[in-house]
Amino acid sequence: MHSDFQKPKFMRSSGGEKIWLAQQGIGCAILLALVGSWPVSATRMQERATATSTEALWNQASVAQQAKEYERAASLYRQILAIQPNLTEAEVNLGLMLQLEGNLSDAIDSFQRVLLHHPDLFVPNFLAGMDYLKLDNPGRALPYLERATKEKPDQVEARVGLANSYLQLEKFSQALDQFTRATELDGKFADAWYGLGATYLSIEKQIEGDLRQASSPFRTVLLGESYLQQGQTQKAIATLGTAVAAQPRVPCAQSILGFALLRSSRFDDAARQFQADWNSHTQEGCLLAALGMTALYARKGETEDALRELRHAADVDSMFVQANGDWYWGDIVKAGLSAQAHDILNGEHARGASSIRPSSAVELMRKGHYSDCSAALLKLSAPANMENLRLDSLCSFYIGRDDWVLIATQKLLEHSPRDPEALYWRLQSMERTGLAALTRGTELNPESASIHALMGDMLRAKDDLSEATSEYRKAIVVKPDFIAAHLGLARVLYSDHKDDDAEHEVQYVLKASPNDPEANYLMGEILVNHMALSQSFPFLQRALNVSPEELPYVHADLSTVYEDRGDLEQAIAEMKLAVPVDVDGSYHYRLGHLYMKSGDRAAAANALNQAAKLRRTSDAASLFQK
């Protein structure tokens, strides 16, 4: 039985279409500080001073508010408003008390009464917008937060709320602008960094969808890297093995295959891939191969050779070596070479480009001088052409200049929206930039529920089920009603074959949000796997609103249900909607089986032939696993 939650993940990190700041809310101290700064006119003060009963009620309400007796404070503010219906400060404070006691709908009503007379006031716009976010209604929140931000452009909490509205509405460009501005206003505001990271990862997911539609070696290499990061080394080897000889050539694909082989301790095979990707005689190719040889020698305990290769790579381009430490640094540390490696990386290096004097940026790239390649392209006065933009994307990526990659790929995609090479570099830079932002947020607030949930997403995408479970549970400890964390935990428990525990978490989500498509899908999937097919049907029907990339798997489960009912026509219709994502022939085989049962032998033969072809394609790279 197919399980979406066990299928290979094309995305290397799933984090993010929501940062869930809305569910976290805004701190009581911040709210009280905002209302505490509410401008009270001298006239209003005089009115209160002359109205003894109102003044007494106001004092009692203030005492209750300070004691966090929000229900009592709300009652007192209502009494004040019964005496002075137009007292704006009392109406705002009533809304705040209702908000703090969890009565968000009535709180919004209070803020809206104020805004009828004072539509541009910051506090009621801000609080109404944040309440709508908590109610999972970013569309209604948006105009309030836009007005609040216009009124106080430097108020970082309002800007983060506005950015989060854009993010949840999938207006990623606007979200990116607002989160970026928030980090510039306050570099220590963790929620702004979380939001920025989540936005980058959401854009990454969107780009990934575009790339998935391209039949290209760039897509295949990215899938192989995904398997490698998930720890599925043999799948990585098989996938990358089909791409290294394909056209167009993907830069450094052989080196990436070499690292996959190295993970399997196939040292000779790995060395052949690295040596094929970097010609030691002409000093041309992909410099990542030199880092591959560094890691290989370190693993074999040949320390002098490892340091020699590292020094050679640093002499060619030290910025490249430092930007790509994830590929080799773990092996350096395990070999006990970190001190010597630090000395190499921090030392002076000959600038090979100045002595070689290549004639063009292309030649610089071929000789591994990515930093000089990127610098040469920046100096060009002529308008960038497609070739130079591709070159800039490659060279800038390998020296860690993701900002330059994003600029270059954006220009490429404006000309050709689904260009596989541009999408390849852009997706990886988006992921790297997003993870950097999340890391910054973690440093500022390591106990955030949001960051634990996002880390759980990323660990789940890498198949690190134990650590992902731990992160989701940490998020739930911090915020017990955090729906996204419960759903993430349910998914990882299901992937870990802990169906009963997974079902418990899904039930929690469905109780809070009965129509959540992901939760309905997971519940339907669990029931299908337990052969409770009739019970699964209503859940799978509600799951038809899942994201487009998940929808084929819902149709596959519905096909099973319809087959059990004896409705072969509908079972076939559902299975035909699932076969576009078939990677190993299993879905076409099921379709062929259904056609056989229905008596359509010609259609069955076609489906089974396609299943056989996909199975052969899936097994074609098995030579790389021997």
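In the predicted model, one aromatic cluster is formed by Phe 218, Phe 320, Tyr 370, Phe 397, Tyr 398, Tyr 424 and Trp 425. A search extended to the whole structure returns 16 aromatic pairs. For the rings of Tyr 424 and Trp 425, the centres lie 4.9 Å apart and the planes stand at 75°, and because planes over 60 degrees apart count as edge-to-face, the pair is assigned to that class. Both of these members of the cluster are shielded from solvent by the criterion applied here, under 20% relative accessible area: Tyr 424 is buried, with a relative accessible area of 1%, and Trp 425 is likewise buried, its relative accessible area being 1%.

The setting of these rings is a protein chain that comprises 36 helices and 2 strands. Of its 626 residues, 54% count as buried. Among the contacts in the chain with a separation of 6 or more, 59% are accounted for by residues 24 or more positions apart.

Helix packing was examined for α31, which spans residues 517-529, and helix α33, which spans residues 551-565. The axes of the two helices come within 11 Å and cross at roughly 40°, an angle that makes α31 oblique to α33, since the class of roughly parallel is reserved for angles under 35 degrees. The crossing of α31 and α33 is left-handed. On the side of α31 the contact is made by Tyr 521, Glu 525 and Val 528, whereas α33 contributes Tyr 553, Val 554, Asp 557, Thr 560 and Val 561. Classified by character, the residues of this contact of α31 with α33 comprise 5 nonpolar, 1 polar and 2 charged.

The loop that leads from α30 (499-512) to α31 (517-529) contains Asp 516. With a relative accessible area of 18%, Asp 516 is buried, because the limit for that class is set at under 20%. When residues up to four places away in sequence are not counted, Asp 516 touches Leu 487 and Leu 510. Of these two partners, Leu 510 falls within the range given for α30 (499-512).

Taken together, the predicted model combines an aromatic cluster that includes the edge-to-face pair of Tyr 424 and Trp 425 with an oblique packing of α31 against α33, and the loop between α30 and α31 holds Asp 516, a residue that is buried.

Definitions and conventions. Residues are numbered from 1 along each chain as its sequence is written. This is a predicted model: local features need pLDDT of at least 70, side-chain atom pairs count only at pLDDT 80 or more; totals for chains, interfaces and linings use all residues. Side-chain values use heavy atoms; hydrogens and water are left out. Helices (H or I, at least four residues) and strands (E, at least two) are DSSP runs, numbered from the N terminus. Buried means under 20% relative accessible area, exposed over 50%, partly exposed in between (1.4 Å probe, protein chains only). Contact means heavy atoms within 4.5 Å. Axes are lines fitted to C-alpha atoms, for helices over the stretch in contact, and angles run from 0 to 180 degrees between N-to-C directions. Angles under 35 degrees count as roughly parallel, over 145 as roughly antiparallel, 65 to 115 as roughly perpendicular and the rest as oblique. A crossing is left-handed if the near helix is turned anticlockwise from the far one by less than a right angle, and right-handed if clockwise. Ala, Val, Leu, Ile, Met, Phe, Trp, Tyr, Cys and Pro count as nonpolar, Asp, Glu, Lys and Arg as charged, and the others, Gly among them, as polar. Rings of Phe, Tyr and Trp (its six-membered ring) pair if their centres lie within 6.5 Å; planes under 30 degrees apart count as stacked, over 60 as edge-to-face and the rest as tilted.
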